[in-house]
Amino acid sequence: MEIIRLIQGVFQTNTYILKEGNDIIIIDPAGKVSKIEEHLNNKPLSVLLTHGHFDHIKCVDDLYKKYQMDIYMMEEDLKLTDPKDSKINNCFMGLTASISSPIRYLSEGIMNIGSFRFEVIKTPGHTKGSCIYVFDDEIFTGDTLFKNSAGRTDLYGGSESELKQSLKIFKTFNKDYHIYPGHEDDTLLSYELLNNYYLR
């Protein structure tokens, strides 16, 4: 699987473009669509959202208008993306975003999209609907886990106790996954288990 990382927007959000042959999935499309389209050689099959914060959903609607692909997210984060609620629940430093396009709700478990096969795991704490995507050798963690750190819990829907429980999941994996977070650098699970205070 080819993984392209784009650093987008004022909060330097990681947008990931995954490619398997002609199949394409986009994770957390932030920033400008034009930057994403520079790396598309085919219509994307879907967008996967790790959670509903504005800096991770910024150009979902623009992508949908052009490609009409499926958009997946946990239902628990609907209030964050709903145009009627997002200005109240998803506003930070005067910045907000919403999704008007149709959303398909995720369930935990194995998911198949085109040639991609992966597992969806709920990880509430940063938001109520945070989740991670576990592929063969990679985990896309959104704002649940970062290199040497973990997601903040002081925004709408955040919970320190729930995040602590969610982070325990990373101790149950039986291989050394490559971790691709929602911000900053990628890392290895083995490194985080040894060095990340939040996984102790």
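A nonpolar core is taken here as a set of buried Ala, Val, Leu, Ile, Met, Phe, Trp, Tyr and Cys residues joined through side-chain atoms within 4.5 Å. In this predicted model, the largest such core has 22 residues, and I36, L49 and L63 have the most contacts inside it. Quite a few elements chip in: β1 (2-8), β3 (23-27), α1 (33-37), α2 (54-57), α3 (60-67) and β5 (70-73) each supply at least two residues. The largest share, 3 residues, comes from α3. Apart from this core lies another one, of 18 residues, with I27, L48, I113 and Y133 among them. As a general point, nonpolar side chains tend to be buried together in soluble globular proteins.

Helix α3 deserves a look of its own. Its buried residues include V60, D61, L63 and Y67. These four cover an arc of only 160° around the axis, so they end up on the same side of α3. Turn to the other side of the helix, and K65 and K66 are exposed. As for what the buried side leans on, the buried residues of α3 pack against β3, α1, β4, α2 and β5. L63 gives a residue-by-residue version of that picture: leaving aside its neighbours within four places in sequence, L63 is in contact with I26, P29, V33, I36, V47, Q68 and M69. One of those partners, Q68, comes right after α3 and has a positive phi, near 50°.

Strand β5, one of the contributors to the largest core, has pairing partners as well. Strand β4 (residues 46-48) is joined to β5 by 3 bridges, and the two run parallel. Within that pairing, V47 sits opposite I71 of β5. β5 also pairs with strand β6 (residues 104-105), again in the parallel sense, over 2 bridges. Here M73 has Y105 in β6 as its bridge partner.

Further along the chain there is an open sheet of 6 strands, in the order β7-β8-β9-β10-β13-β14, with mixed pairing. The edges are taken by β7 (109-113) and β14 (187-188); each has a single partner strand, so one side of each is left without a neighbour in the sheet. Starting from the β7 edge, 5 bridges join β7 to β8 (residues 116-122), and these strands run antiparallel. N112 stands opposite R117 of β8 in this stretch. Next, β8 is joined to β9 by 4 bridges, also antiparallel, with K122 bridged to C131 in β9. The run carries on with 2 bridges between β9 and β10, antiparallel once more, where V134 faces I139 of β10. With 3 residues between them, β9 and β10 form a hairpin.

Strand β9 (residues 131-134) is buried on both of its faces: C131 and Y133 point one way, I132 and V134 point the other way, and all are buried. Y133 has already turned up as a member of the 18-residue core, and the same residue belongs to an aromatic cluster made up of Y16, F116, F118, Y133, F135, F140 and Y180.

Aromatic contacts are plentiful enough to follow up, with 11 aromatic pairs in the structure. Y16 and F140 make one of them, edge-to-face, at 5.1 Å centre to centre and 65° between the planes. That pair links distant parts of the chain, 124 residues apart, as Y16 lies in strand β2 (residues 13-20) and F140 in strand β10 (residues 138-142). Both partners are tucked away: Y16 counts as buried at 2% relative accessibility, and F140 is buried with a relative accessible area of 0%. Y197 and Y198 make another edge-to-face pair, at 5.4 Å centre to centre and 85° between the planes. Here the setting is another matter, because Y197 is exposed at a relative accessible area of 55%, whereas Y198 counts as partly exposed at 43% relative accessibility.

Two lysines also sit over tyrosine rings. K147 lies over the face of Y191, at 5.5 Å from the ring centre. K175 does likewise with Y177, at 5.3 Å from the ring centre.

Key. Residues numbered from 1 in each chain as written. Predicted model: local features only at pLDDT ≥ 70, side-chain atom pairs only at ≥ 80, totals over all residues. Heavy atoms only, no water. Buried < 20%, exposed > 50% of the residue type's maximum accessible area, 1.4 Å probe, protein only. Contact = heavy atoms within 4.5 Å. Pairing = 2+ DSSP bridges. Phe/Tyr/Trp six-rings, centres within 6.5 Å; stacked < 30°, edge-to-face > 60°. Lys NZ or Arg CZ within 6 Å of the ring centre and 35° of its normal. Arc of directions from axis to C-beta.
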